[in-house]
Amino acid sequence: MHKKNDDSSINHTEAVISIRGLYKSFGPLDVLKGIDLDVFKGENVAVLGRSGTGKSVLIKILVGLLKPDAGNIMVLDKQVDKLNQKELDALRLKIGFSFQNSALYDSMNVRQNLEFPLKMNYPDLKKNEVDKAVEEVLEAVGLKDKIDQLPSDLSGGQRKRIGIARTLILKPEIMLYDEPTSGLDPITSIEINNLINDVQQQYKTSSIIITHDLTCAKATGNRVAMLMDGVFLKVGSFDDVFAQTDERVQRFFNYNFIQ
Amino acid sequence: MMESKPKSFVFSKGIDDYFSGVSSAFQFIGRFFRQASKAPFHVREIINQCYEIGLRSLPLITLTGFITGMVFTKQSRLSLETFGATSWLPSLISIALVRALGSLVTALICAGKVGSSIGAELGSMRVTEQIDAMEVSAINPFKYLVVSRVLATTITIPMLALYCGFVGLLGSFVNVNAHEAVSFISFFKEGFATITFLDVFTSVVKSIVFGFTIGIVGCYKGYNASNGTQGVGRAANQAVVLSMFLVFIEEIVIVQISNWIRYF
């Protein structure tokens with residue numbers, strides 16, 4: 001088991017993500033109803049919740065893919081919804097986003113998938129520098145031998161790893177994982193959890209891990225935030241959240257364990 | 001779970017949706033011109049798309065153009081023979097191919113082949129979050145995907161239309177040569193004698209408009225696809241239907257304008 005950062009490695013005075021009073025609705029549906037959350041430097045926060053509770057919406061707002069209806073969202077001291085395109089792009093280079101379905105470019109092989117963000121953002125990089133960066137991230141995710149394969153030839157777990165590698169190539173300060181273990185078998189899920197912890201240690205990242213998998217939340221999250229009915233019911237250690245007497249929380253935990 | 005509140009409409013859902021659709025289509029076109037005029041220019045991707053759209057359509061355009069020219073000649077011969085006017089065939093076919101058929105046949109084929117493929121490709125990238133992945137990597141997906149494809153269709157479809165016209169004339173020549181002792185040179189000399197600069201110019205302008213329409217419609221439908229694989233299929237289908245419809249409307253408008261110019 002690869003360990004996550006312990007409490008002493010987390011700077012509790014420096015919040016890299018600070019969310020206050022976040023509201024978001026889609027037409028008649030109120031999804032987020034006043035969310036508050038801080039993520040500190042070097043910390044992994046796992047956001048737990050049922051499907052459709054707005055967990056992914058939360059991290060999409062953090063990278064500017066969605067606009068909040070109200071609230072103050074600070075990421076690396078920048079108010080995300082107030083940035084112009086150039087400023088937003090500069091901020092996005094510091095945020096890695098790992099998609100639920102990996103979102104690999106299916107017309108490109110693994111090498112091209114990894115090179116693409118690097119070449120597009122740093123066109124002056126020399127070929128050997130690009131090659132070195134590609135090899136480095138592939139080594140970090142343990143898939144050096146898959147460099148010339150197409151995404152369609154990879155397994156679900158491998159695709160997740162390459163998706164993470166593609167974000168790591170830009171050396172992000174923050175990682176956002178959207179359901180990193182969904183659709184994976186238990187062994188591969190543990191490997192992905194280990195990878196998330198390795199990334200935290202090696203790349204000194206702070207992360208939000210969106211998941212409904214309790215094992216993933218426990219293994220990777222320094223803190224856990226329980227999202228239900230558009231608000232966080234409890235933010236704290238896994239055991240604190242697990243100790244909640246709220247019936248909805250207990251039902252979520254029990255159902256997960258039965259599964 | 002999420003709460004819901006009743007949604008209000010300005011007119012009705014259908015009318016509101018129609019106007020918001022028209023408005024978003026014009027915004028999409030405006031965004032294209034803004035992005036196309038600003039650096040960086042993804043020249044390599046534009047060339048790549050020109051290859052995909054242009055060169056890969058050549059076999060189909062060749063076959064269709066050749067058959068169109070030949071069949072049109074065969075059908076026209078029957079009528080012209082009644083008046084003993086088969087010698088007019090090269091002029092008639094040239095005018096028909098240059099003024100209308102070359103650009104129209106090419107546009108319809110490309111609307112089917114290229115429009116659907118752009119709609120499906122971008123639609124699939126949208127629903128599998130590949131476009132979002134570009135955006136969060138600080139890459140401008142609109143510029144990389146949309147601008148390059150629309151420019152590629154706008155550049156290559158006029159070329160394909162001219163080529164289609166030429167191949168159509170070849171098809172016509174094969175038929176004429178089989179019936180009358182007309183040489184290759186005299187056929188083309190006679191055919192081109194009746195073609196004016198305005199004919200060629202109008203044809204090229206028309207093809208540029210058709211190319212832009214096919215590219216922008218395919219990209220618009222694909223880029224805004226939703227609802228999973230069903231949405232991808234719908235995007236591809238709508239890209240073909242809408243671009244064909246617009247091509248016919250544009251054909252009527254441009255022919256009308258060119259006729260006014262011709263008579264004044």
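# A walk through chains A and B

Start by selecting strand β9 of chain A, residues 223–228. Both of its faces are covered: A:R223, A:A225 and A:L227 point to one side, A:V224, A:M226 and A:M228 to the other, and all of these are buried. Put as a count, six of the six residues in β9(A) are buried. Bear in mind as you click around that this is a predicted model.

**Stop 1: the partners of β9(A)**

Keep β9(A) on screen and add β3(A), residues 44–48. These two strands run parallel and are joined by four bridges. For one of the pairings, pick A:L48: its bridge partner in β9(A) is A:M226.

Now bring in β10(A), residues 231–236. Here the pairing with β9(A) is antiparallel, with five bridges. Click A:L227 and you can look across to A:F232, its bridge partner in β10(A).

**Stop 2: the turn at A:D229**

What sits between β9 and β10 of chain A? Select A:D229, which lies in that loop. The hairpin formed by the two strands has two residues between them, and A:D229 takes a positive phi near 50 degrees there. Most residues other than glycine have a negative phi. A:D229 is not a glycine, yet its phi is positive. With a relative accessible area of 26%, this aspartate is partly exposed.

While you have the backbone torsions up, jump to A:K171. This lysine is another non-glycine residue with a positive phi, again near 50 degrees. You'll find A:K171 in the loop between α5 (156–168) and β7 of chain A.

**Stop 3: the whole sheet**

Zoom out and color the strands of the sheet one by one. In which order do the six strands of this open sheet run? Going across, you pass β6, β7, β8, β3, β9 and β10 of chain A, and the pairing is mixed. β6 (95–98) and β10 stand at the edges with a single partner strand each, so one side of each has no neighbour in the sheet. Neighbouring strands are turned by 15 degrees against each other on average, if you ignore direction.

Go to the β6 edge next. β6(A) pairs with β7(A), residues 174–178, in the parallel sense over four bridges. Pick A:I95 and you'll see A:I174 of β7(A) opposite. Now show helix α1 of chain A, residues 55–62, which packs on this sheet. The helix touches β3, β6, β7, β8, β9 and β10 of chain A. Compare α1(A) with β8(A), residues 206–211: their directions make an angle of about 150 degrees.

**Stop 4: two single residues in chain A**

Select A:T181, in the loop between β7 and α6 (186–202) of chain A. Is A:T181 buried or exposed? It is buried, at a relative accessible area of 6%, which falls under the 20% cut-off. Show its surroundings, leaving out neighbours within four places in sequence, and you get contacts with A:S189, A:I192, A:N193, A:T211, A:D213 and A:C216.

Then try A:A70, which is in strand β4 (residues 70–75) of chain A. This alanine counts as partly exposed, at 34% relative accessibility. Not counting residues up to four places away in sequence, A:A70 touches A:G21, A:L22 and A:Y23. If you want a distance to draw, go from A:A70 to A:S8: the two are 62 residues apart along the chain, and their C-alpha atoms are separated by 34 Å.

**Stop 5: over to chain B**

Hide chain A and switch chain B to cartoon. There are nine helices and one strand here, and the strand comes before the helices when you read from the N terminus. The C-alpha trace spans about 80 × 45 × 35 Å along its principal axes. Of the 264 residues in chain B, 46% are buried.

Try a contact map too: among contacts with a separation of 6 or more, 83% are between residues 24 or more positions apart. Switch on the surface and you are looking at about 13400 Å² of accessible area, with 69% of it from carbon and sulfur atoms. Coloring by charge brings up 20 positive and 15 negative charges, whose mean positions are 3 Å apart.

For the last click, select B:P40, in the loop between α1 (13–36) and α2 (43–53) of chain B. Most peptide bonds are trans. The one joining B:A39 and B:P40 is cis, with omega at about 0 degrees.

Technical notes
Residues are numbered from 1 along each chain as its sequence is written. Chains are lettered from A and ligands numbered from 1 in the order in which they are written. This is a predicted model: local features need pLDDT of at least 70, side-chain atom pairs count only at pLDDT 80 or more; totals for chains, interfaces and linings use all residues. Side-chain values use heavy atoms; hydrogens and water are left out. Two strands pair if DSSP finds at least two bridges between them. Axes are lines fitted to C-alpha atoms, for helices over the stretch in contact, and angles run from 0 to 180 degrees between N-to-C directions. Contact means heavy atoms within 4.5 Å. Buried means under 20% relative accessible area, exposed over 50%, partly exposed in between (1.4 Å probe, protein chains only). Accessible areas come from the Shrake-Rupley method with a 1.4 Å probe; for residues, only the protein chains shown count as cover. Lys and Arg count as positive and Asp and Glu as negative; His and the chain ends are not counted. The place of a charge is taken as NZ of Lys, CZ of Arg, CG of Asp or CD of Glu.
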